[in-house]
Structures are given as C-alpha cells and as structure tokens.
Amino acid sequence: MYTILGSGLAGLSASYHIGHNNCVLYDKNNYVGGHIHSDFINGFTWDEGPHVSFTEHEYVKNLFDESVKGEFLEYSVKTINYYKGNWIPHPAQSNLFAVPQPLRDNCLNDFLGARSFYTEDFSPENYREWLDYSFGNRFADTFPAAYTRKYWTVTPELLTTDWVGNRMFSPKVEQVKEGYYGPLNEETHYIKKVRYPLNGGYMAYAKKLLAYANINLGYNLSSINFGTRKIEFLNDKHIYYDKLISTLPLPLLIERSNAPIEVKKAAELLNCTSVLLVNVTANHETVRTENWIYIYDENKYSTRINCTELLSPNNAPIGKTGVQVEVYFSSYKKKTETDTEISLKVIDELIEMGLIQSKDNIESYHSKWITWANVIFDHKRIEAQNTILNYLETHGLVREEDDLLPMTNWQEKMSHNQKFGDIILAGRFGQWKYYWTDDCVLRGKLIKDNIQK
C-alpha cells in the first residue's frame with residue numbers, strides 16, 4: 001500500500017496510475033487539487049495563476065481530453081508586455097519596434113555589440129551573464145532582469161542557468177533587426193497554442209485522475225520519522241507507511257522530520273517564492289485581448305496579469321471581467337505591507353494601465369496567499385538538495401540520474417528503467433523541480449511503469 005502526502009496533480013497522478021485501491025492520499029487542505037484547484041466565487045472561476053495546457057505529450061493531452069469529455073478550448077496564445085505606459089508584444093527582444101526611443105536604439109546597439117563581443121563557446125556562470133550574452137546589457141537590465149527581480153524576487157546574478165531551457169527566447173541577429181522595424185512574420189514565443197477546459201476551471205482536467213481516489217482531507221503533517229516510518233498529523237491522527245510518495249515541499253518534509261541538524265540546515269537553503277493573488281472583478285468587458293501580461297515597471301506590485309474570462313468565457317458572467325494579478329515575495333524579498341494594502345495599490349495600478357476603467361466599475365476584490373509558488377534556482381540549491389537526497393537515500397529513496405536537474409527529458413526518462421524504493425518524491429515541490437502540469441502527470445505514470453516491472 002502506498003501512502004501519498006499531498007493531493008495535487010502529482011499525488012493524484014501517482015495514485016491513479018498505481019491504482020487508487022493501492023493508495024491512500026493525505027492532504028492538509030479541505031479540498032483536493034493543490035495548485036490546480038479552482039475557486040468559484042459569485043459566477044467567477046479563479047485558478048491559482050493563468051493555468052493553461054500546452055503539453056506536447058499526446059498521453060497527457062488525451063488524459064485531459066477524457067477528463068473533460070472533449071469539452072475544452074484550443075486557441076493561439078496571445079501575450080504582451082507593459083513598460084512605462086507602452087504595450088510591447090511578447091517577447092520584447094524580437095519586437096523592439098514597440099519599445100520607445102531612445103531605448104529602442106540603445107537596445108539594438110547593445111544587442112549587436114554583445115553578439116560581436118561574446119564567442120560562441122561562452123559559458124555563463126549565472127543568469128545575468130546569460131542575459132547580457134543573449135540580449136545585450138541595456139535590454140537585459142530593462143526587461144528580463146527587471147522581471148527577474150519581480151517574479152523570481154532575486155537579482156539574476158543569484159540564479160543559475162540550468163532552468164532556462166527554451167523558456168527564454170534567444171533571438172538571431174536577423175530577427176532582432178527585423179523586429180526593430182516592425183512585427184515579425186513568425187511567432188517567437190515558446191508557447192504557440194494552449195488548451196483549457198470549457199467549464200470547471202483548470203481543475204476539471206484532473207477529473208479522471210480524481211475519480212475513486214482514496215483521499216483524506218484535513219491531514220496536515222506534524223512530524224515524520226523515517227526510521228520508524230511513523231507519520232503524525234496536526235489533527236492528532238497518525239499512521240505508519242510501508243511505501244511513501246511525498247509531493248510535499250522538500251524543505252517542509254525535512255523540517256518536520258527526524259533528519260539530523262545538518263540535513264535540516266541544508267533544507268533551509270532551498271528557496272521558493274510565495275505569491276499573493278489579487279483577484280478583481282469589474283462590471284465591464286475585458287479591456288485587452290491578451291491571455292496574460294508581463295509588467296516590467298519595478299515601482300509596481302503587479303508582475304503578471306491574466307483575465308479569467310479569456311481562459312474560458314464561462315469563467316465569468318457575460319459583460320464582466322475578472323482580473324488576476326500576481327505579486328511575488330520570498331526570503332530574498334519580504335512582504336512589508338498587509339494583503340489589503342497591497343491589493344488596493346494593485347487596483348490603482350490596474351486603473352493606471354487601463355485594465356480596469358475606474359474604481360466605480362469595481363464590484364469586488366479578494367486576495368489569496370500561496371506559500372509555495374516557484375522554486376528559486378539559486379547557486380545554493382544543488383549542494384543543499386544533494387545533501388537532502390543523500391540522507392533520504394539511507395531511508396529508502398533511490399537516487400535518479402537527473403534528480404538534481406530542474407527539468408526532465410521525458411522521452412529519454414521513459415525509455416530507461418528506473419528503480420524506486422520505499423520513498424519516492426513527486427511533483428514540483430516534492431522533487432524541487434521546474435515542473436509544469438504535464439510533468440506532474442508523467443511522473444505518476446513513470447512511477448507506475450517502473451514499480452510494476
């Protein structure tokens with residue numbers, strides 16, 4: 001029998017693939033789904049951020065399709081950037097025509113200078129060097145470095161580059177030059193088309209995984225002893241596990257365990273952002289048509305914005321808009337104002353940007369705090385994570401070749417046998433990865449495929 005901590009997508013996928021009759025899930029919340037949970041308030045559907053599926057894995061596509069019985073929307077994604085009153089198509093590096101002068105010329109000249117300065121075998125030591133190499137100093141500092149300080153809550157010098165992958169578009173010289181004069185004929189954003197459930201929010205994609213799952217809600221981990229295999233919960237209940245799959249944040253799992261002090265100190269070095277979601281409703285239609293918006297102004301709390309009715313028209317009452325704003329914090333960037341104070345400033349920012357017409361149009365607003373948002377891939381992570389995994393290995397974890405890498409090459413991973421032991425980690429925070437929803441689904445499938453060999 002498998003004990004699964006957490007009923008987010010990774011936990012549900014593991015239970016579904018192994019077989020719900022062979023698994024018991026425990027979740028601290030009074031609802032299932034973790035980060036893919038959707039809230040329904042006064043006719044509006046609110047996800048935890050702009051969740052959309054753009055997976056290239058047919059297995060995940062089919063599973064999600066079956067979960068909603070084919071009732072999903074598929075459309076080309078539209079994104080845009082806001083910078084000091086200017087609307088710039090995304091990614092900005094290939095759309096310099098929309099950047100105001102003289103910044104536009106400075107960005108182009110710095111980009112060309114960087115491409116002639118750096119050699120092809122240049123190996124950046126941190127994300128800042130990667131940005132300067134890819135875009136030139138002026139563009140890098142104005143756009144991606146500023147966004148890094150807002151979204152990742154750190155300066156780019158503090159980040160490694162192993163998480164970047166294709167998430168950041170590094171353009172060719174010809175693309176930047178052409179984009180200086182006008183829009184390109186090609187779309188350079190790494191996301192081309194997305195899918196989203198017609199009804200029920202993003203959580204609807206988990207219906208098939210969720211059906212008949214054996215879930216215990218209100219079970220918040222109090223302590224875990226890896227020697228005796230005893231798990232205690234804050235509701236005074238306790239269990240003993242035979243096989244454990246943990247999707248809980250790795251630092252939390254170690255903090256509440258009997259791990260030695262040096263391992264707990266390593267866990268304290270793993271950093272993650274938290275996000276305050278500010279959800280605002282207004283009695284007018286959506287102002288802009290983009291699916292989400294990146295905000296580069298560092299004097300604004302707003303970091304990324306989406307409108308829920310653009311995900312699906314059934315996410316909001318007809319003629320109304322539901323604007324969701326993400327505001328990020330971490331141990332690097334602590335929250336110094338109350339949620340209400342931040343929300344009111346965010347509302348002023350939305351009005352300034354024209355996304356809400358006026359305060360008189362606002363019908364409601366509320367906020368939601370999410371402690372675990374994005375893993376911060378800083379330079380302390382690898383050594384700290386390796387210390388933790390080495391310790392767990394002495395209690396039944398089987399190390400994996402890619403367990404320190406932020407991402408997983410699923411084609412390669414699925415083609416090799418993977419041995420699993422009595423402790424298995426799964427999911428973005430459980431494995432401390434840069435995982436999306438399809439990664440979490442495939443992790444569950446990988447576990448099932450290998451424990452039954």
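Biologist: Why is the pair D422 and R229 called a salt bridge?

Modeller: In this predicted model, the closest N and O atoms of D422 and R229 are 2.8 Å apart. The cut-off is 4 Å between a side-chain nitrogen of Lys or Arg and a carboxyl oxygen of Asp or Glu, so the pair qualifies.

Biologist: What makes D422 and R229 a tie between separate parts?

Modeller: D422 sits in the loop between α14 (410-414) and β19 (423-425), while R229 sits in the loop between β10 (221-225) and β11 (230-233), so the salt bridge ties together parts that are 193 residues apart in sequence.

Biologist: Why is R229 called partly exposed?

Modeller: Its relative accessible area is 23%. Buried means under 20% and exposed means over 50%, so R229 falls in between.

Biologist: And what about D403: buried or exposed?

Modeller: With a relative accessible area of 11%, D403 is under the 20% limit and therefore buried. D403 also has a charged partner: its side chain meets that of R399 in a salt bridge, at 2.5 Å from N to O.

Biologist: How many salt bridges does the whole structure hold?

Modeller: The search finds 26. Some share partners, and R128, D132, D141, R149 and E298 are joined that way into one network.

Biologist: How do you know that D449 and K445 are separated by about one helical turn?

Modeller: Both belong to helix α16 (residues 437-451) and are 4 residues apart, which means about one helical turn. Their side chains meet in a salt bridge too, with 2.9 Å from N to O.

Biologist: Let's turn to T142. What makes the link between R138 and T142 a polar contact?

Modeller: The backbone oxygen of R138 lies 2.8 Å from a polar atom of the T142 side chain. The limit is 3.5 Å, so the distance fits. T142 lies in helix α5 (residues 137-142), and T142 is buried, at 13% relative accessible area. Leaving aside residues up to four places away in sequence, T142 touches Y83, L103 and Y296.

Biologist: Which residues touch the most other members of the largest nonpolar core?

Modeller: They are I231, I245, I388 and L392, in a core of 111 residues. Beyond four places away in sequence, I245 touches residues including Y2, I18, I424 and I447. A second, separate core has 23 residues, among them I80, I293, V325 and M353.

Biologist: Why might such side chains gather?

Modeller: In soluble globular proteins, nonpolar side chains tend to be buried together.

Terms used:
Residues are numbered from 1 along each chain as its sequence is written. This is a predicted model: local features need pLDDT of at least 70, side-chain atom pairs count only at pLDDT 80 or more; totals for chains, interfaces and linings use all residues. Side-chain values use heavy atoms; hydrogens and water are left out. Helices (H or I, at least four residues) and strands (E, at least two) are DSSP runs, numbered from the N terminus. Buried means under 20% relative accessible area, exposed over 50%, partly exposed in between (1.4 Å probe, protein chains only). A polar contact is a pair of N or O atoms within 3.5 Å; within protein, one must be able to donate a hydrogen and the other to accept it, and residues adjacent in sequence count only if both atoms are side-chain atoms. Contact means heavy atoms within 4.5 Å. A nonpolar core is a set of buried Ala, Val, Leu, Ile, Met, Phe, Trp, Tyr and Cys residues joined through side-chain atoms within 4.5 Å.
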